[in-house]
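Trainee: Could you take me through this one? I'd like to hear the reason behind each label.

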Amino acid sequence: TKFRLPEGFYGPDLYPGDVVKPPKHPGAPINAPWMSGNWYGGAIHDKAHGCPTCIIPTNRTNNYRRWYYAAVTWADYNLGMALKKLEEFGVQDNTIVVFHSDHGYQLGELNEWAKQTDTELATHIPLIIRVPWKKESIGKRTKVKAELIDMYKTLAELTGLGEVEEGVQGTSLATVFDNPENLPSDLKTKRAYSQIGRCGCQYYAKYHVKECDRGACAKVPLGEFDFMGYTMRTNDWRFTSWVAWDNTTMKVDWSKTAANELYDLRNDTGRNFDAPNYSLNLAGEPQYATMVSQFYEELKAVVNTW
């Protein structure tokens with residue numbers, strides 16, 4: 001809204017008329033388990049939103065999207081101002097710059113209007129790292145599956161801080177900056193992981209209301225979780241398991257796995273928010289049974305080390 005953006009960055013001014021298009025896949029993914037979505041809630045307050053098949057009309061969808069695009073443009077402008085300051089101080093050539101968000105977002109794609117899901121769009125973030133003395137990396141893109149948990153070790157190595165103390169999670173991606181397009185063997189197959197809880201009921205403190213059958217876990221104590229969704233992203237696939245949460249042990253019970261998701265992302269460039277393969281869960285298809293089993297065991301083994 002105009003209350004959050006300065007004049008000159010208003011949505012209708014920057015992105016007028018039909019410049020903004022609605023999502024090509026506004027419905028929930030086919031065969032998606034109920035706990036995988038946030039279709040009943042989200043960050044949108046529109047009378048048409050509130051179920052997996054409740055689609056907000058195109059005119060309002062486009063208006064919400066144009067204001068979000070304007071907010072992103074405002075953020076981009078401020079990043080430019082920060083970079084200019086580095087130049088004014090004369091430190092642009094010996095300063096690492098990291099630009100990232102803490103989550104992705106969904107603007108009507110897959111009938112989601114929020115971040116509280118384990119989907120590709122909710123967990124895939126913008127990540128730009130500039131290391132001016134690593135000339136081979138400037139202006140390049142890489143296919144490594146980077147995670148925010150990797151940043152500590154990566155920056156420690158790039159800045160020459162020495163060994164990181166034992167027990168710190170994540171993988172250093174420092175070698176990527178030597179040749180972003182030709183990854184070391186261990187990083188070529190690196191996975192990225194994410195997780196999110198799901199609850200039968202959640203409490204909205206602002207309105208003093210307890211709401212059930214919504215799926216999300218806002219303001220809910222860990223002991224009242226119902227499921228934990230764990231996701232593993234490989235180079236070509238996205239796999240998620242929804243596992244029952246044991247309120248006594250405060251761990252998941254893998255013997256009570258409720259559902260799996262499998263999405264074919266072999267042709268996904270990361271730049272197309274309307275990629276059609278986000279919309280079809282393949283986990284229940286017989287031809288993918290072996291792959292689902294292998295991914296499930298791999299994911300379980302990793303999660304059990306956390």
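Here is a short talk about strands, cores and a disulfide.

Mentor: Before we start, this is a predicted model, where local features need pLDDT of at least 70, side-chain atom pairs count only at pLDDT 80 or more, and totals for chains, interfaces and linings use all residues. Residues are numbered from 1 along each chain as its sequence is written, and side-chain values use heavy atoms, with hydrogens and water left out.

Trainee: Okay, why is strand S6 called largely enclosed?

Mentor: Buried means under 20% relative accessible area, exposed over 50%, and partly exposed in between (1.4 Å probe, protein chains only). In S6, residues 237-246, 9 of the 10 residues are buried, so the rest of the structure largely encloses this strand. Strands, by the way, are DSSP runs of E with at least two residues, and helices are runs of H or I with at least four, numbered from the N terminus.

Trainee: What makes S5 and S6 a pair?

Mentor: Two strands pair if DSSP finds at least two bridges between them. S5 (residues 227-233) and S6 have 7, in the antiparallel sense, with Gly229 opposite Trp242. The two form a hairpin with 3 residues between them.

Trainee: And how do you know that S6 pairs with S7?

Mentor: By the bridges again: 10 of them join S6 to S7 (residues 251-264), and the strands run antiparallel. Thr240 in S6 faces Glu261 in S7. That hairpin has 4 residues between its strands, and Met250 in the turn has a positive phi of about 60°.

Trainee: What makes up the largest nonpolar core?

Mentor: A nonpolar core is a set of buried Ala, Val, Leu, Ile, Met, Phe, Trp, Tyr and Cys residues joined through side-chain atoms within 4.5 Å. The largest has 22 residues, and Phe225, Tyr230 and Trp254 are among those with the most contacts inside it. S5, S6, S7 and helix H6 (289-303) each supply at least two residues, with H6 giving the most, 5.

Trainee: Why is the Cys51 and Cys54 disulfide called right-handed?

Mentor: First, a disulfide is a pair of cysteine sulfur atoms within 2.5 Å, and these sulfurs are 2.0 Å apart. The torsion about their S-S bond is about 95°, so the disulfide is right-handed.

Trainee: Are Cys51 and Cys54 buried or partly exposed?

Mentor: Cys51, at 17% relative accessibility, counts as buried, whereas Cys54, at 23%, counts as partly exposed.
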